[in-house]
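Here is a short tour of one protein model. Take a look at the sequence and the fold before reading on.

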Amino acid sequence: MSETASITLNGKTLELPVITGTENEKAIDISKLRDQSGYITLDIGYKNTGATQSAITFLDGENGVLKHRGYKIEDLAEKSTFLEVAYLLIYGHLPSKEVLEKFRADIKAQMLVHEDMKIFFAGFPSKSHPMGQLSCLVGALSAFYPESLNPNQTEEEENKTIINLLGKMPTIVSWIQKKSLGHPVVYPKKDLGYIDNFMNMIFGEVNSDKTFDPVIIDAMHKLLILHADHEQNCSTSTVRIVGSSNANLYASVSAGINALWGPLHGGANQAVIEMLEDIKNDGGDVEKYLAKAKDKNDPFRLMGFGHRVYKNFDPRAKIIKKACDDILEKLGVQDPVLDIAKKLEEAALSDQYFIDRKLYPNVDFYSGIIYRALGFNSDMFTVLFALGRLPGWIAQWKEMRDKKEPIGRPRQVYNGEIDRVYTDISTR
Ligand code: SDX
């Protein structure tokens, strides 16, 4: 006998099916509720509402568990590479050595960006925010690859679009970094791997190959893996709902980039560094800022703390915090805001307000400190989050399209004016 949920409305009892996931999550299937009762449900911010069934990522917020296609994030971050995790997320299984090599080669072959994209890229003011530039440039790719507009692409054609976007993104990100410095772009090189190519395009010069300490390359793999997917977060839900209208992959990811930009979401990694800098410049008084964060009359929030799902440590934050110590030590970097971050974390974790609300450091709390140690400007941090999240967005978009899910169109409860009589302006 399958489990059901009984709901009685106007004296009529409905039995709604209960869905059980492979990790034993439970959901009440309300897809027939309105037909059977005329009622809808209301859940502002979708805090208790599932939008889909997905096989890509599992989060256990109470226990701080994150797994991709059944693999623990701790194992992937420690032992895998970014493109191997990208393959796993998008195609559902780990690739063989040969398949991974071909995946890497196919992506590398797509890293060159059409020179005409530089024409409108040149129009951005040099201080315009990198996330606005990124969303624009990614959306513009559909103009150069119009075949992607066909919602009925064959699997092979769709895969070409996926590979193309994975190849173009690091180059576009490097263009944005170079523009912020007023420097010429550096082109991808055939003899470099994905991360080495990316770092050379970011920090290299036109005629000089820059080599990178393996510690730095390893840190970038780890950071991008830790950001690769996170089930139905704000930006991924945006990618899915835009893609559900049969919009092309570039447009869907461009929308996701804009959702990620918000400081409550991916923009938090930049906001954390700015917050830590403010605390440092204000004398390092963490208690003062904890008090501000708890004051309901103060809009200040402790950036990098709290999470919609994790009511325990974000496993990614733990890994990044350790990586922070390791990398700064190996690079010989002393960053005073790291000490402030640790003091702030220690104070918050023992503060009743944060304990009561189960507020812990999230992925954004320490990541900016590493990005800064690696030489990135703070307004590039969320762009790096987007680069990491790209395979997750693609995987979720592909899963939604493969399952032919319907166009996303939530309902509402109307609470506005009713039956107002229109009067001519002359009589108002
Ligand atoms: C990411 O969803 C994902 O998976 C996202 C992400 C991913 O990988 O895609 O993990 C990436 O976006 C991480 C989150 C980055 N954002 C921040 O660090 C911004 C600061 N955090 C908050 O704004 C907040 O915690 C959110 C937005 C992350 C979550 O907000 P919720 O789930 O809507 O929770 P809420 O605002 O209802 O807060 C519940 C209570 C409230 O207090 P009360 O009204 O109950 O008294 O906790 C308080 C909030 O005021 N609270 C905070 C706080 N976060 C929540 N108080 C102070 N500082 C904070 N950071």
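How far apart do the C-alpha centres of domain 1 and domain 2 lie? They lie 37 Å apart. The protein is divided into domain 1 (4-50), domain 2 (71-264 + 384-402) and domain 3 (268-374). These bounds come from an automatic or database domain assignment.

This is a predicted model, in which local features need pLDDT of at least 70 and side-chain atom pairs count only at pLDDT 80 or more, while totals for chains, interfaces and linings use all residues. Residues are numbered from 1 along each chain as its sequence is written, and side-chain values use heavy atoms, with hydrogens and water left out.

**Two sheets**

Helices (H or I, at least four residues) and strands (E, at least two) are DSSP runs, numbered from the N terminus. Strands S1, S2 and S3 form an open sheet in the order S1-S2-S3, with antiparallel pairing. Strand S1 (4-9) and strand S3 (26-28) each have a single partner strand, so one side of each lacks a neighbour in the sheet. Neighbouring strands here are turned by 30° against each other on average, direction ignored. Two strands pair if DSSP finds at least two bridges between them. S2 (residues 12-20) is joined to S3 by three bridges. Thr-20 has Lys-26 in S3 as its bridge partner.

A second open sheet runs in the order S4-S5-S6, also with antiparallel pairing. Its edge strands are S4 (57-60) and S6 (71-72), and each pairs on one side only. Two bridges link S5 (residues 65-68) to S6. Lys-67 has Lys-72 in S6 as its bridge partner.

**Four residues to find**

Buried means under 20% relative accessible area, exposed over 50%, and partly exposed in between (1.4 Å probe, protein chains only).

| Residue | Place | Relative accessible area | Class |
|---|---|---|---|
| Asn-10 | loop between S1 and S2 | 70% | exposed |
| Leu-14 | strand S2 | 6% | buried |
| Tyr-46 | loop between helix H1 (33-37) and S4 | 54% | exposed |
| Asn-164 | helix H7 | 3% | buried |

Contact means heavy atoms within 4.5 Å. Which residues does Leu-14 touch, not counting residues up to four places away in sequence? They are Ala-5, Ser-6, Ile-7, Leu-9, Leu-33, Gln-36 and Ser-37. Leu-14 and Asp-339 are 325 residues apart in sequence and 57 Å apart in space, C-alpha to C-alpha.

Under the same exclusion of residues up to four places away in sequence, Asn-164 touches Gln-110, Tyr-145 and Tyr-250.

The two loop residues have positive phi values. Phi is near 50° in Asn-10, a residue other than glycine. Tyr-46 is not a glycine either, and its phi is about 50°.

**A helix pair**

Helix H6 (residues 130-144) and helix H7 (residues 155-181) have axes that come within 10 Å and cross at roughly 140°. Axes are lines fitted to C-alpha atoms, for helices over the stretch in contact, and angles run from 0 to 180 degrees between N-to-C directions. H6 passes H7 in a right-handed crossing. That term applies if the near helix is turned clockwise from the far one by less than a right angle.

From H6, the contact includes Pro-130, Leu-134 and Leu-141. From H7, it includes Leu-165, Met-169 and Lys-179. The residues of this contact divide into 10 nonpolar, one polar and two charged. Ala, Val, Leu, Ile, Met, Phe, Trp, Tyr, Cys and Pro count as nonpolar, Asp, Glu, Lys and Arg as charged, and the others, Gly among them, as polar.
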